[in-house]
Amino acid sequence: MSHAPSHAPAPAPALVPTHCPYCALQCGMNLRGSGTGTGTGSGDAVEVEVVERSDFPVNRGALCGKGRTAPAVLSSRVRLTGPLVRHPATGRLEPATWEEALRATAEGLRRTRERYGADAVGVFGGGGLTNEKAYALGKFARVVLGTSQIDYNGRFCMSSAAAAHQRAFGLDRGLPFPLEDIPRTGCVILVGSNLAETMPPALRYLTELKANGGTLIVVDPRRTKTAEQADLHLAPRPGTDLALALGLLHLVVAQGRTDEEFIRERTTGWEEARAAAMAHWPELVERITGVGVPQLRAAVEMFCDATAAMVLTARGPEQQSKGTDTVGAWINLALATGNAGRPLSGYGCLTGQGNGQGGREHGQKADQLPGYRKLDDPAARAHVAGVWGVDPDSLPGPGRSAYELLDALGGDVRALLLMGSNPVVSAPRAAHVEERLRALDFLAVADVVLSETAELADVVFPVTQWAEETGTMTNLEGRVLLRRRAVTPPTGVRSDLEVLEALAALLGCEKGFPADPEEVFEELRRASAGGLADYAGISYRRLEEEQGVFWPCPEEDRPGTPRLFLDRFATPDGRARFVPVVHREAGESTDAEYPVLLTTGRVVAQYQSGAQTRRVPELNAAAPGPFVELHPRLAARVGVADGDPVAVVSRRGRAVAPARVTDAIRPDTVFMPFHWPGAGRANTLTNPALDPTSRMPEFKVCAVRLEPGAGAGG
């Protein structure tokens with residue numbers, strides 16, 4: 001008996017749970033594709049579909065456009081699929097074998113070290129690298145190269161908040177509570193964050209806060225989509241957030257709304273901080289910030305009337321040459337009102353980059369060893385050296401911070417290995433940084449695409465992306481997550497860990513740099529054990545079974561720590577520390593030649609330097625290029641209309657982009673997004689003035705003038 005052929009559909013490929021490659025929310029998603037779990041080796045043949053993952057608590061299935069379209073960058077049409085080496089005769093990057101690229105890099109690093117010394121070789125990492133990669137990169141710099149010259153682009157992101165966190169609480173974890181606590185508090189002051197565009201799935205926490213009867217205060221010089229959700233919007237002059245926080249604390253004291261019992265029992269340093277705040281009376285603060293006294297009083301009333309409250313900061317107050325003190329002032333406000341170390345209250349930093357939290361914990365910072373240990377602490381050096389099997393005295397000391405390292409290129413630092421960063425677009429005073437990169441004797445870059453920085457390299461390594469590799473990330477809550485490999489990369493692509501393993505072997509270290517991420521993580525657990533950021537109790541098995549584990553987690557049979565400081569702060573005496581701070585001006589002031597303030601930021605359809613998102617057609621259509629946002633009164637004074645080209649000129653350079661005229665910005669301020677290279681490169685203009693503590697450059701405020709008409713950017 002014959003049978004008709006079966007036309008039953010093939011079973012759908014299994015779903016692979018993983019996480020978005022972009023911001024620090026690390027939204028959960030499932031991936032399904034024809035190459036899921038097996039891969040094709042070509043990239044283009046893998047049709048990857050993003051499927052809702054509603055069980056992950058951070059985003060509960062919601063994704064922004066960047067997350068939905070993330071698989072587009074997996075295509076070999078837009079990404080690197082083989083190594084490139086600059087040909088000495090033509091000066092052009094040309095395809096090469098992996099052996100040629102690795103040997104050229106090893107020789108470039110070795111030659112520089114032998115000729116100029118170990119510190120003539122630099123290493124620059126990124127806040128998007130997995131914990132395993134960040135850990136291995138720091139170890140590679142200090143053990144294989146013996147250099148102190150390592151830092152990463154996360155210095156440009158959360159370093160001021162991290163420094164203030166350490167100073168006040170003894171420990172830095174972006175949020176000391178899970179996001180789920182935000183809707184349950186009574187009031188949130190959100191300072192310098194446009195969540196609606198930078199991490200859209202997080203906006204629901206603020207809308208739920210309001211639905212529950214809570215109040216939202218947004219501090220931003222622009223009336224952003226986030227500010228439109230606020231019960232009260234304070235629009236200070238850029239660079240005056242410090243004065244604003246001090247003015248609010250002055251009013252809290254003057255109105256008798258401090259929590260004296262909390263101050264007495266759980267803090268130190270109040271009298272000095274109180275005296276500093278009392279020098280910032282409301283009328284003075286109004287003159288400095290442009291925020292009226294009635295608004296200041298309304299903000300204090302909302303904040304203090306709540307039974308519990310939170311202060312959340314982002315890049316607005318942090319990316320300033322006084323960012324650490326500015327965040328410290330907001331922390332003082334939380335401490336003075338008893339809104340720290342208690343349920344549903346506290347200060348938190350909204351970490352930006354995908355692994356901005358984990359990336360600053362495990363050794364790719366200039367002054368740091370794994371576990372958030374200090375590089376100049378003898379006990380820390382001894383512990384980590386023991387894990388690495390080296391003499392503690394062989395470890396170099398602290399090196400230059402990110403901008404200082406970039407500024408030294410071509411001078412003291414002659415060769416650079418760069419992974420996961422695009423400083424040609426993202427660094428302050430970007431044209432100068434590009435000049436320094438061009439002045440290097442040797443530059444090797446590992447990236448997934450041919451970024452503007454990779455275009456300058458002598459060697460370019462094509463490396464795996466989020467969906468093609470397994471590894472851990474730590475989101476803005478301090479929740480350690482497992483990113484799972486779902487597809488196989490093209491045959492010409494290797495992981496960053498494989499690159500480091502091969503380079504280490506060529507440079508004489510044949511052991512100690514495994515390419516297997518779980519093996520690296522197991523070593524990271526041992527290295528972090530006993531440190532502030534203790535991952536010793538976290539394993540891949542736990543991460544597979546749980547929805548992430550909050551650090552610190554010192555033992556496998558203990559749960560993580562979603563809420564910090566409820567019993568004591570992480571200082572030696574268990575008390576939070578008030579730090580007295582006073583307002584000071586930005587790194588540069590306006591004058592007759594440069595009468596306007598520039599602030600920079602992001603838009604919803606692009607991410608960071610745009611190296612990946614600018615290659616996604618849907619995102620590029622939504623945000624095709626830079627613009628200059630300015631108030632109608634300022635536009636009339638300059639003589640430009642909406643859509644006209646307008647030149648923005650600072651003491652460092654010139655950028656040109658179309659005008660976007662709106663009354664949603666202060667008349668004395670212009671805004672530019674920083675995602676694009678070329679004539680509209682916003683970071684050509686920004687000021688590299690550094691915070692004395694965090695070494696954060698002043699991205700968020702500089703003096704400029706506007707001119708009508710087109711012209712080449714700087």
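# Salt bridges and a buried helix in a predicted model

R584 is partly exposed (20% to 50% relative accessible area, with a 1.4 Å probe and protein chains only; under 20% is buried, over 50% exposed), and its own value is 31%. This is a predicted model, in which local features need pLDDT of at least 70 and side-chain atom pairs count only at pLDDT 80 or more, while totals for chains, interfaces and linings use all residues. Residues are numbered from 1 along each chain as its sequence is written, and side-chain values use heavy atoms, without hydrogens and water.

## Salt bridges

The side chain of R584 forms a salt bridge (a side-chain nitrogen of Lys or Arg within 4 Å of a carboxyl oxygen of Asp or Glu) with that of D325, at 2.8 Å from N to O. Distant parts of the chain are linked by this pair: R584 sits in the loop between β22 and β23 (596-601), D325 belongs to helix α13, and their positions lie 259 residues apart in the numbering. Helices (H or I, at least four residues) and strands (E, at least two) are DSSP runs, numbered from the N terminus. Unlike R584, which is partly exposed, D325 is buried, with a relative accessible area of 16%.

A second pair joins the side chains of R342 and D259, with 2.9 Å from N to O. Here, too, distant parts of the chain are connected: R342 lies in the loop between α13 and β13, and D259 in the loop between α7 (241-254) and α8 (260-266), with the two residues 83 residues apart. R342 is partly exposed, at 34%.

A third salt bridge is made by the side chains of E556 and R525, at 3.2 Å from N to O. E556 is in the loop between β21 (549-550) and β22, while R525 is part of helix α19 (residues 517-528), and this pair of distant parts is 31 residues apart. Through shared partners, salt bridges connect E522, R525, R541, E545 and E556 in one network. R525 is buried, whereas its partner E556 is partly exposed.

The relative accessible areas of residues in these pairs are listed here.

| Residue | Relative accessible area | State |
|---|---|---|
| R342 | 34% | partly exposed |
| R584 | 31% | partly exposed |
| D325 | 16% | buried |
| E556 | 38% | partly exposed |
| R525 | 9% | buried |

A search of the whole structure gives 44 salt bridges. In general, side chains of opposite charge can pair when their charged atoms come close.

## Helix α4

Helix α4 covers residues 159-169, and because nine of its eleven residues are buried, this helix is largely enclosed by the rest of the structure. The buried residues of α4 are S159, S160, A161, A162, A163, A164, H165, A168 and F169. Among the elements covering them are the helices α12 (315-318) and α13 (323-336) and the strands β13 (346-349) and β22 (576-577). Helix α13 thus belongs to this cover and also carries D325, the partner of R584. Just after α4, G170 has a positive phi of about 85°.

## The chain as a whole

The chain contains 22 helices and 30 strands. Taken along the principal axes, its C-alpha atoms fill a box of roughly 80 × 75 × 65 Å. Of the 714 residues, 64% count as buried. Among the contacts (heavy atoms within 4.5 Å) with a separation of 6 or more, 74% are between residues 24 or more positions apart.
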